[in-house]
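I opened the model to look up its contacts and salt bridges. The entries below follow the order in which I went through them.

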Protein chains: 2
Amino acid sequence: MSLLIRSSYVSHLNHFQFLPRNSKSSSFPDQIPSRFSFVSSFNHNPFSNLVYKRNPTMQSASSMAVKSSLIDPDGGELVELVVPESQIELKKAESESMPKVKLTQIDLEWVHVISEGWASPLKGFMREDEYLQSLHFNSLRLKDGSFVNMSLPIVLAIDDDTKEQIGSSRNVALVSPQGDIIGSLRSVEIYKHNKEERIARTWGTTSPGLPYVEEYINPSENWLIGGDLEVFQTIKYNDGLDHYRLSPKQLRVEFDNRKADAVFAFQLRNPVHNGHALLMNDTRKRLLEMGYKNPVLLLHPLGGFTKADDVPLDVRMEQHSKVLEDGVLDPETTIVSIFPSPMHYAGPTEVQWHAKARINAGANFYIVGRDPAGMGHPTEKRDLYDPDHGKKVLSMAPGLEKLNILPFRVAAYDTVEKKMAFFDPSRAKEFLFISGTKMRTYARTGENPPDGFMCPSGWNVLVKYYESLQESETSAKQPAVVAA
Amino acid sequence: MSLLIRSSYVSHLNHFQFLPRNSKSSSFPDQIPSRFSFVSSFNHNPFSNLVYKRNPTMQSASSMAVKSSLIDPDGGELVELVVPESQIELKKAESESMPKVKLTQIDLEWVHVISEGWASPLKGFMREDEYLQSLHFNSLRLKDGSFVNMSLPIVLAIDDDTKEQIGSSRNVALVSPQGDIIGSLRSVEIYKHNKEERIARTWGTTSPGLPYVEEYINPSENWLIGGDLEVFQTIKYNDGLDHYRLSPKQLRVEFDNRKADAVFAFQLRNPVHNGHALLMNDTRKRLLEMGYKNPVLLLHPLGGFTKADDVPLDVRMEQHSKVLEDGVLDPETTIVSIFPSPMHYAGPTEVQWHAKARINAGANFYIVGRDPAGMGHPTEKRDLYDPDHGKKVLSMAPGLEKLNILPFRVAAYDTVEKKMAFFDPSRAKEFLFISGTKMRTYARTGENPPDGFMCPSGWNVLVKYYESLQESETSAKQPAVVAA
């Protein structure tokens, strides 16, 4: 999500209206002034999904299934793939004799994602029929004929040697980058990894310089292996941030504990400035006006792979905590947690994944901004994606019908009021748009952004980070004093 | 569709079983030996679509709608966009004052396709929401929440000047390559044409050398214009083949006239050899065994743009007519007609379009082979698509549920029996696979293919074509005798 929240993209969505909870849908729309528009996941039926659902209709028969009252996980039941305590030793012993598949760090992040059910109903790395549906249709069809959204291929690549070692074995053991067997993949299927086609259909370009492609896909090999995943324990990173890594199940419990009657998710991979905060606080206000009694914000920074010039996770988490300490966001009605997925920077394709995963975590409202999951074109001087496409594609995506999409209004720095405010086109010249690049330049050069752009304690976190970066760059330029 | 019909791709589909019409679906599968497998459009429910439908459930209220008893057009009603006779003069006069959009030959082919309802329920060139759904989901959602398949973007490109001339006009006139106003586009919407993204998401590659891209997309400009199409009359080509160009409406009438109780469509862009014929005749036999009384073959060569080294349409039509004259295919139960679409060579994405358009023409069975709509990679020594993906993607595609997919068995030249036959792996060495390239080489060099590969009269058509090609090449190499 871009730091820059800008421009006039709400206008074309004004056929979506604001709907108070429990109201009769046909009578209200024209009577309620709306500061932003609510978009149900598909625009032909804008009201059908805005009604508060206390009794979801898709409940599974299993009493073990984790459910919140707000929104059902995709497939009706949250996937959880951690082996029960009592079976761990047996399973570990069994895995010792299986062919081994070595995971990269990003593979491990996907193991984390799948094992906790963020990708429900996906139960492992994709087999070919799931891969093809994801690639061509951005969705999977379930046995009952309904669709769940599945826009990113969640796949595991292996090389020729590994394929040969696996031979006709049905199951393989998964080995972490640190060398530990962390679980297994069962009833495996191996199929060709056409990297060019995967990249073209996922990113809409095959240009060099796509971060996830360069980091992960290009170095990967020519086969994909799919199967049913089992892990011996929840994936931990031991980086001091694991307490932030709530699983979808834990989040649903937390929402229930807080007696949330609406959960609105905000995906981000950047520091929170006051424009973001304005938007999140305004969303809560609007939900209250709709009749919700206790809307809860899920502030949900992405924790997996990000590109080199993004602010690292630990710095972002510190910045986020300052924003809450400072009262810019209300800790009583905000849950900060880490979304463990790696980042693709795949724009309209990826934003669907970001939204879908939050359904599984129990969020029934999803905030979407300008150019979600976008970036500059790696080789051309333009945005890689049309900044409006993410929101449009999201609003039409198969399988996201039950999620309420909240496209957000433009916030910018109001130079008269000296604070972040919703952009007022009638006095456009008084607004200043501060891009992510501009913000990083401020922090890097030690220059302060305008007052009211970000809470000072949060800003300090960034300044310190960039200072430390410069120090390490400077010291890296010193001649080495210890020869090899 | 490749001339080469080959390999073992039926094996993984053997969970799809052969189902006699009107049988109880659960009891039959294991009892019936099947030479090929019937695949319903989605493999989770293989039997649901194999039941003969005499009373379709999606009938529209309009009594004017064209319907056959076999399968409903997408959206329930066949789109027809030819202005009624009584309004033509009025509409023509009106169009004179509209801004003009000049069409290329391929644009005109699409006008033809849209105006006759092959792309039903599409009513014109795509607006952006349709374009995005096509690009990302290969389908369009209808107002009732159901999906129709729509895998290829059907769009019209314009340049900056044309966009400027259109300004805020709601309607534009469409001008044929010959300079005639042939219709109009109403309530237009102009949006950006990101060619790189369109190509990547449609073809799964951005490699140079894709025929449709080189011919049409690369030279096109930076804007797309969508809107509701009207044409003043049915598109005609005056090439002596217009009588072959039956519209979906005409085909449906023809099927009803012939009292067809099943229609199986065979898409092709190549000459018909005896392997194809074997397969088509075998399909009919199987349908008869299933209980159908009068299965009709729609032999449906593609008539729009094809790449330079494909056999031209007029030659193919002559070859096809010889095959029928010769009795290789039975004229009584075969309808030969031209499918007016241009060819994309976009493999799994395009085969969905080929199948979907035949639904609209009234076919309820669709034959799919190895590597449908595929070609060699333009810059690498491999197939552009996995030869099995077309069939797999087709069987899972949203919106094709009501169509019965028939993946075909491998035919090759049996050197012992001296005829095209279904490949028998137990005596693999006795079979000869004759590729399209090989066939063209035979024809070009005047060498005869093995007896029984193709009926002699059909073969002669090809030989003559390649002779004429060589003659014109030779004469092109002669020094020009008339100076300018």
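Entry 1, across the two chains. I started with A:Arg141 and B:Glu401, which form a salt bridge with their closest N and O atoms 2.6 Å apart. The model is a predicted one, and I read every value with that in mind. I then counted the salt bridges between chain B and chain A and got eight. For polar contacts between chain B and chain A the count is 24 residue pairs, both residues being at pLDDT 80 or more. On the chain B side, the elements that give two or more residues to the contact with chain A are H3, helix H5 (195-203), H10 and H11. I sorted the residues of that side by class and noted 14 nonpolar, 14 polar and 13 charged.

Entry 2, extent of the chain contact. I looked up how many residues take part: 41 residues of chain B are in contact with 41 residues of chain A. The area buried between chain B and chain A is about 3,600 Å², and carbon and sulfur atoms give 50% of it. I asked which residues of chain B lose the most area to chain A. They are B:Phe137, B:Arg141 and B:Arg201, which together make up 19% of what the chain B side buries.

Entry 3, domains of chain A. I took the domain assignment of chain A, which gives domain 1 (85-231) and domain 2 (242-339 + 409-470). Nine residues from domain 1 and 11 residues from domain 2 make the contact between them. The C-alpha centres of the two domains of chain A lie 32 Å apart. Between domain 1 and domain 2 of chain A, about 740 Å² is buried, with 82% of that area from carbon and sulfur atoms. In domain 1 of chain A, I noted A:Glu116, A:Trp118 and A:Pro211 as the residues that lose the most area to domain 2, together 61% of what the domain 1 side buries.

I also looked for charged and polar pairs between these domains. The count of salt bridges between domain 1 and domain 2 of chain A is zero. One residue pair is in polar contact between domain 1 and domain 2 of chain A, both residues at pLDDT 80 or more. Helix H2 (105-115) and helix H6 (211-217) of chain A are the elements that give two or more residues to the domain 1 side of this contact. By class, I have four nonpolar, two polar and three charged residues on that domain 1 side.

Entry 4, salt bridges in the whole structure. Over all chains the structure holds 52 salt bridges. In chain A, I followed one network of salt bridges that links A:Lys91, A:Glu94, A:Arg186 and A:Glu230. I then went through three pairs in chain B.

The side chains of B:Asp74 and B:Lys356 meet in a salt bridge of 2.8 Å, N to O. B:Asp74 lies in the loop between strand S1 (39-40) and helix H1 (88-96) of chain B and B:Lys356 in helix H10 (residues 347-360), so the pair ties together parts that are 282 residues apart in sequence. I checked burial, and both B:Asp74 and B:Lys356 are buried.

In the second pair, B:Arg127 forms a salt bridge with B:Asp228, and the closest N and O atoms are 3.3 Å apart. This pair links distant parts of the chain, 101 residues apart: B:Arg127 is in the loop between helix H2 (105-115) and helix H3 (128-137) of chain B, and B:Asp228 is in strand S8 (residues 223-231) of chain B. B:Arg127 counts as buried because its relative accessible area, 18%, is under 20%. B:Asp228, with a relative accessible area of 30%, is partly exposed.

The third pair is B:Asp383 with B:Arg370, a salt bridge whose closest N and O atoms are 3.4 Å apart. B:Asp383 and B:Arg370 are 13 residues apart, each in the loop between strand S12 (365-368) and helix H11 (389-396) of chain B. B:Asp383 is at 31% relative accessibility, so I put it down as partly exposed. B:Arg370 is at 11% relative accessibility and counts as buried.

Entry 5, one buried glutamine. I ended with B:Gln319, found in helix H9 (residues 313-325) of chain B. Is B:Gln319 buried or exposed? At 0% relative accessibility, B:Gln319 counts as buried. Leaving aside neighbours within four places in sequence, I listed the contacts of B:Gln319 as B:Pro271, B:Val272, B:Met454, B:Gly458, B:Val461 and B:Leu462.

Key
Residues are numbered from 1 along each chain as its sequence is written. Chains are lettered from A and ligands numbered from 1 in the order in which they are written. This is a predicted model: local features need pLDDT of at least 70, side-chain atom pairs count only at pLDDT 80 or more; totals for chains, interfaces and linings use all residues. Side-chain values use heavy atoms; hydrogens and water are left out. Domain bounds come from an automatic or database domain assignment. Contact means heavy atoms within 4.5 Å. Buried area is the accessible area (1.4 Å probe) that two parts lose on being put together, summed over both. A polar contact is a pair of N or O atoms within 3.5 Å; within protein, one must be able to donate a hydrogen and the other to accept it, and residues adjacent in sequence count only if both atoms are side-chain atoms. Helices (H or I, at least four residues) and strands (E, at least two) are DSSP runs, numbered from the N terminus. Ala, Val, Leu, Ile, Met, Phe, Trp, Tyr, Cys and Pro count as nonpolar, Asp, Glu, Lys and Arg as charged, and the others, Gly among them, as polar. Buried means under 20% relative accessible area, exposed over 50%, partly exposed in between (1.4 Å probe, protein chains only).
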